[in-house]
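This report takes a single protein chain and follows its interior, its sheets and a few chosen residues in turn. Please keep the sequence and the structure at hand while reading.

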Amino acid sequence: MRLAAVASLAGSCGGDAPTAASPVRTVLVTVEAAQIQVGASTHATAQLRDADGHVVLTETPTWTSLTPAVLSVSPTGDVTGLQAGIGTVRAASGSASGTATVTVKNPLAGAIRLSRDTATLFVPGGTVQTLAAVTDDLGQPIANPSIVWTSSDRKSTRLNSSHVSESRMPSSA
């Protein structure tokens with residue numbers, strides 16, 4: 001009789017009450033590094049507690065990325081940055097869950113290598129395309145870097161978003 005009364009009371013408390021399958025009432029999520037670069041990883045930890053505030057060691061949380069375009073999270077809490085932005089990971093056990101935020105930043109460029117360092121353009125309207133390969137401080141390629149293209153002589157050369165230079169008048173730009 002007493003067990004039935006306790007189960008009935010827990011069922012009427014709402015969604016944050018521990019379930020019969022899980023004694024977890026709260027989940028506290030922490031990350032080793034709150035800021036990482038794209039491609040880098042950090043580790044998240046979940047502390048599960050019961051209604052009395054005691055740590056629950058018999059349960060394992062389920063990890064989810066609430067922002068899968070920004071970061072991924074493994075079943076063991078390993079978080080990997082996928083693209084720049086602010087991401088959120090969630091650990092859940094039973095009806096309880098907790099979250100942590102991770103900022104993912106693009107790595108800084110260590111070097112930029114151009115596909116050509118000089119080109120001859122015929123005037124007017126001659127064009128040439130230049131490509132850039134960007135690497136970080138460790139020499140690893142940076143995928144989809146943001147590059148701002150400019151000319152040393154804007155009167156004679158125009159650059160477009162496709163990295164194509166078009167000559168307008170004679171120059172050594």
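In this predicted model, the largest nonpolar core is made up of 19 residues, and those with the most contacts inside it are Val-27, Val-29, Trp-63, Val-79 and Val-89. At least two residues of this core come from each of strand S1 (26–31), strand S3 (41–49), strand S5 (71–73), strand S7 (85–93) and strand S8 (96–105), and S8 provides the largest share, with four residues.

Val-79 gives a view of the packing around one of these core residues. Leaving aside its neighbours within four places in sequence, Val-79 is in contact with Ile-36, Ala-40, Ser-41, Thr-42, Ala-44, Leu-71, Ser-72, Val-73, Val-89 and Val-102.

**The chain as a whole**

The protein chain contains one helix and 13 strands, and, read from the N terminus on, the helix precedes the strands, the order being α-β-β-β-β-β-β-β-β-β-β-β-β-β. Of the 173 residues in the protein chain, 25% are buried, while the chain exposes about 11,400 Å², of which carbon and sulfur atoms supply 54%. Among contacts between residues at least 6 apart in sequence, 46% join residues at least 24 apart.

**The mixed sheet**

Four strands form an open sheet in the order S2-S8-S7-S4, and the pairing in this sheet is mixed. Its edge strands are strand S2 (35–37) and strand S4 (62–65), each of which pairs on one side only; on average, and with direction ignored, neighbouring strands of this sheet are turned by 30° against each other.

S2 and S8 run parallel and are joined by three bridges, whereas S7 and S8 pair in the antiparallel sense over nine bridges. The hairpin of S7 and S8 has two residues between the strands, and Gly-94 takes a positive phi near 65° in this hairpin.

In a regular strand the side chains alternate between the two faces of the sheet. S8 shows such an alternation: Ala-96, Gly-98, Ala-100, Val-102 and Val-104 point to one face and are buried, while Ser-97, Thr-99, Thr-101, Thr-103 and Lys-105 point to the other face and are not buried.

**The antiparallel sheet**

A further open sheet is formed by four strands in the order S1-S3-S6-S5, with antiparallel pairing. S1 and S5 stand at the edges with a single partner strand each, so one side of each is left without a neighbour in the sheet. Neighbouring strands of this sheet are turned by 25° against each other on average, again with direction ignored. Within this sheet, S5 and strand S6 (residues 78–81) pair in the antiparallel sense over three bridges.

The residues that stand opposite each other can be set side by side for some of the strand pairs described above.

| Residue | Opposite residue and its strand |
|---|---|
| Gln-35 | Thr-103 in S8 |
| Ile-36 | Val-104 in S8 |
| Val-89 | Ala-100 in S8 |
| Leu-71 | Gly-81 in S6 |

**Two contrasting positions**

Why does Thr-42 count as buried? Thr-42, which is found in strand S3, has a relative accessible area of 6%, and it is classed as buried because that value is under 20%. A polar atom of the side chain of Thr-42 lies 2.9 Å from the backbone nitrogen of Ala-33. Leaving aside its neighbours within four places in sequence, Thr-42 is in contact with Glu-32, Ala-33, Ile-36, Gly-77, Asp-78 and Val-79; the contact with Val-79 links this residue to one of the core residues with the most contacts inside the core.

Is Asp-117 buried or exposed? Asp-117 has its place in the loop between strand S9 (111–114) and strand S10 (127–129), and with a relative accessible area of 75% this residue is exposed, because the value is over 50%. Asp-117 and Thr-130 are 13 residues apart along the chain, and their C-alpha atoms are separated by 8.7 Å.

Note on methods. Residues numbered from 1 in each chain as written. Predicted model: local features only at pLDDT ≥ 70, side-chain atom pairs only at ≥ 80, totals over all residues. Heavy atoms only, no water. Core = buried A, V, L, I, M, F, W, Y, C linked by side-chain atoms within 4.5 Å. Buried < 20%, exposed > 50% of the residue type's maximum accessible area, 1.4 Å probe, protein only. Contact = heavy atoms within 4.5 Å. Pairing = 2+ DSSP bridges. Axes fitted to C-alpha atoms, helices over the stretch in contact; angles between N-to-C directions. Polar contact = N/O pair within 3.5 Å; in protein donor to acceptor, adjacent residues only side chain to side chain. Areas by Shrake-Rupley, 256 points an atom, 1.4 Å probe, with all protein chains shown as cover.
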